[in-house]
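Biologist: Please take a close look at chain A for me, and put chain B alongside it afterwards. I'd like the general picture first and a few residues after that.

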Amino acid sequence: MDLDKFKVHGEPLIYGAMVSIALATIGILVGLTYFKKWGYLWREWLTTVDHKKIGVMYILAALLMLFRGGVDAMMMRLQTAAPEMKFLDAQHYNEVFTTHGLIMILFMAMPFIIGLMNVIIPLQIGARDVAFPRLNAVSFWLFFMGAMLLNISFVIGGSPDAGWSAYFPLASLEFSPTVGNNYYSLALQISGIGTLITGVNFIVTILKMRAPGMKLMKMPMFTWSVLITNVIIVFAFPVLTVALALMMFDRLFGSQFFTMANGGMDMLWANLFWVWGHPEVYIVILPAFGIYSEIIATFSKKNLYGYTSMVFSMLIISLLSFLVWAHHFYTMGQGAMVNSFFSITTMAIAVPTGVKIFNWLFTLRKGRITFTTPMLYTLAFIPIFTIGGVTGVMLAMASADYQYHNTMFLVAHFHYVLIPGAVFAVIAGFHYWFPKVFGFRLNERLGKHSFWWIVISFNVTFFPLFFLGLMGMTRRTYTYSEESGFGPLNMLSFVGAVGLAIGFLLLVYNIYWSTRYMPRDTTSDPWDGRTLEWATHSPMPIYNFAIVPTVQTRDALWSAKQDNIPLYDDKKITKIHMPSNTGKPFILGVIFFILGFSLVFSLWIPAILSGIGVIVMLAFMSFDRDHGYYISAEEVIATEKKLKRGETV
Amino acid sequence: MKIDASKPLEYSTEENSNKIFGFWVFLGAEIPLFATLFTVYFVMVNRFASGPSASELFKIGPVLIETFLLLSSSFTIGLAIHAMRHGYKKAMMVFMAITLLMGLGFIGIEIDEFFTYVHEGATLQTSGFLSSLFVLLGTHGAHVSFGFLWGAGIMIQLWRHGITPATANKAFIFSLFWHFLDVVWIFIFSFVYLKGLM
């Protein structure tokens, strides 16, 4: 075996990363042993099938990845802050922008949203768990192991370096001979399977497990957005599965899908990638729309304006999202007819999106608005996202796009869409639902400080990029000459990036500070909420609702509070069926990790063994006859009494 | 667990009916998966470079046997579910066994076909056309092979525990999967083999 493949040479940065990964790992292991937390970790987290805990783990992983991707971003902004910088060489710059994109989209935005989905959806529809709790754990561990596999690439073997879209022929074995793009195909494949399972799970959960009386058109808007998102996941992710498999075959087994000779077709990759890639954008943005809808209604003390049009605009967006993929490569020569078609479908998306923007504005109109942290993010989102949307329409015009294509203008555009459209939303949702999960709010003063840092610095970072793009600076350029005149605006952008980093550090400090000092919330409804998740205790007991609520109106809790429409049909507390914890999903994830790693380095024997291991684990899970357990009615009543007295359970 | 006696055994609990619905959604995801593979194949079908083309490669004989085996096995798995609904464990087991044996026969012929192709110098590496052919057929074949193991596992559980809401549910879901593979094969037979032979 050739050990050289595993090594990454040269850079002090790489050695720094190796040392910090090693130290962090040792620190975690020693800490767990010292505080005797191994059993706790295994019983309470690694084997859990509770949707709330799985959601929390998703969000924790997403926050970690936010910082990993954030460090990548800082390195890029530093490298381009001034002309002729020598901080990173071209190869490492390539690796850094590739992993930044991959991590931020697939291992930060997606899991953050899936985490919020996990925590909130069953509560919002009045269910006790998702439809398939064990499968939910499988989803999480596959996502997590995929994320870890991509992360170790930086120090073992080298990261992918052909951009997050990994266009062929650049990503082929011929032009990217390191194992980097093997990591790409396998890490994304493993976490993608997890996401697909999540999609199936939540469609069934939302369609089959809603509280009695909650008709489809009475669902909260976040639930609607998640339902539509999961339908997109189920239809879009298989395309990625195939694309990644073909990439793996090309790179590991010498097939001829995307090659330059022997009948291969490199453009096939670009098409397959974006047939998944564009719906992917809406997978991260539609739930964000849902979160904003909840927050705006809550903090304006009004019903959401235009509920039906909100639902239909999301349906139209989801349909159109599958019909616009070629706008990512207008310049690659598919002809005027095709470009015109995709130009029109792309511009058409602005219509339903505009409907949503106006609905939010009309919800605000004459509302009694309270400016809490989540509301501030929501209000900042509306104008910033509109800038992103309008520049999107500029890019949508195929002939004009020849000017903007692959420039910093594009980079500015998609950050203006994705950061307010996804990142602000998950942070807003995080502040909004934090007291639901942990029983206390995050500090508002610190929250607002970090909000202003983030929102101002965001504009300082990315607004200059529009102009840099129009001046002709191409994206993915690792350095430039002084004569180009790109220097000052890039420096400004770097200053903004530092501000963003401060904002995010304040956010983390806020979590730490609030955990220690914020008073516990005794009302379980700190924001005067409208939907069912606020109808149970915070933090909620493992069974969520002692009695399943009945729903008569759209904002069930609000109606209960305002118009005394009863939430519960005076039902007795009965025994509750719960799924048992299991370690099998975690073990399955570990085996998948070994399988992925072995394939990355073409270690065939471990790959075959772990492949068999996967099948054996699936058989074990099928033969498992543990059908869960019951919590007796007396136990539920006792827990409820304790929770009402404000004790934790 | 609440059992609703008015429904067939495989739908009798809430968990069971959720599982069946969930599997339909999963099959909904399998459709774009195979659709993408077919698309790749249609894009690649005339890009055979210096290798053989479809009409030079395909032979109708083995393909007809494969088709006969798989289509018949779809019928026998239907009979197995029919027997299950009547509570005939033994008949159900026999029909499932016949189904799986036919599946095994299908896989055997497909492997033999692959060997023949490779022997003739038509490998995965030869051309874009052959890459897409092998991956399309291979994905379907891998599904059938996985189905064989899965079905065998369900038969063991049936043999141990009899026809219960849990085993009936598993067998029913397996039958959905098996029918789906048959549908995919009909497309492969028509649009890959028959079209290629023309």
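Modeller: Let's start with how chain A is wired up: of its contacts with a separation of 6 or more, 81% are between residues 24 or more positions apart. Do keep in mind that this is a predicted model. The secondary structure of chain A adds up to 19 helices and two strands. As for overall dimensions, the C-alpha trace of chain A covers about 70 × 60 × 45 Å along its principal axes. A compact globule of 649 residues would have a radius of gyration near 26 Å, and chain A comes out at 25 Å, so the two agree. Of those 649 residues, 59% count as buried. On the outside, chain A has an accessible surface of about 25,300 Å², and 70% of that belongs to carbon and sulfur atoms. Its charged side chains number 43 positive and 34 negative, with 11 Å between the centres of the two sets.

Now for a close-up of helix α1 of chain A, which takes in residues 12-34. Its 23 residues should span 33 Å at 1.5 Å a residue, and the end C-alpha atoms sit 32 Å apart, which agrees. Which residues of α1(A) are buried? They are I14(A), A17(A) and L32(A). The cover over those buried residues includes α2 (38-46) and α4 (90-124) of chain A. After α1(A) comes K36(A), which has a positive phi, near 55°.

Further along chain A there's a loop worth a stop. G367(A) sits in the loop between α10 (336-364) and α11 (373-396) of chain A. If you leave out residues up to four places away in sequence, G367(A) touches S300(A) and K302(A). M332(A) is another matter: G367(A) and M332(A) are 35 residues apart along the chain, and 49 Å separates their C-alpha atoms.

On to chain B. The secondary structure here comes to six helices and zero strands, so to read along from the N terminus you simply get α-α-α-α-α-α. Taken along the principal axes, the C-alpha atoms of chain B fill a box of roughly 65 × 30 × 25 Å. Chain B has 198 residues, and 53% of them count as buried. Among its contacts between residues at least 6 apart in sequence, 81% join residues at least 24 apart. About 8,600 Å² of chain B is exposed, with carbon and sulfur atoms supplying 72%. Its side chains include 11 positive and 12 negative ones, and the centres of the two sets lie 10 Å apart.

Two of the helices in chain B deserve a word. Helix α4 of chain B, residues 89-119, has 31 residues and reaches 45 Å from its first C-alpha to its last, close to the 45 Å expected at 1.5 Å a residue. G121(B) follows α4(B), and the phi of G121(B) is positive, near 85°. The other helix is α1 of chain B, residues 14-44, where you'll find S17(B). Is S17(B) buried or exposed? S17(B) counts as buried because its relative accessibility is 15%, and the cut-off for buried is under 20%. With its neighbours within four places in sequence set aside, S17(B) is in contact with K208(A) and Y11(B). That's a handy place to finish, since the contact with K208(A) brings us back to chain A.

Notes. Residues numbered from 1 in each chain as written. Chains lettered and ligands numbered in written order. Predicted model: local features only at pLDDT ≥ 70, side-chain atom pairs only at ≥ 80, totals over all residues. Heavy atoms only, no water. Helix = DSSP H or I, 4+ residues; strand = E, 2+ residues; numbered from the N terminus. Expected span 1.5 Å × (residues − 1). Buried < 20%, exposed > 50% of the residue type's maximum accessible area, 1.4 Å probe, protein only. Contact = heavy atoms within 4.5 Å. Rg over C-alpha atoms; globule rule 2.2 N^0.38 Å. Areas by Shrake-Rupley, 256 points an atom, 1.4 Å probe, with all protein chains shown as cover. Lys, Arg positive; Asp, Glu negative; His and termini not counted. Charge placed at Lys NZ, Arg CZ, Asp CG, Glu CD.
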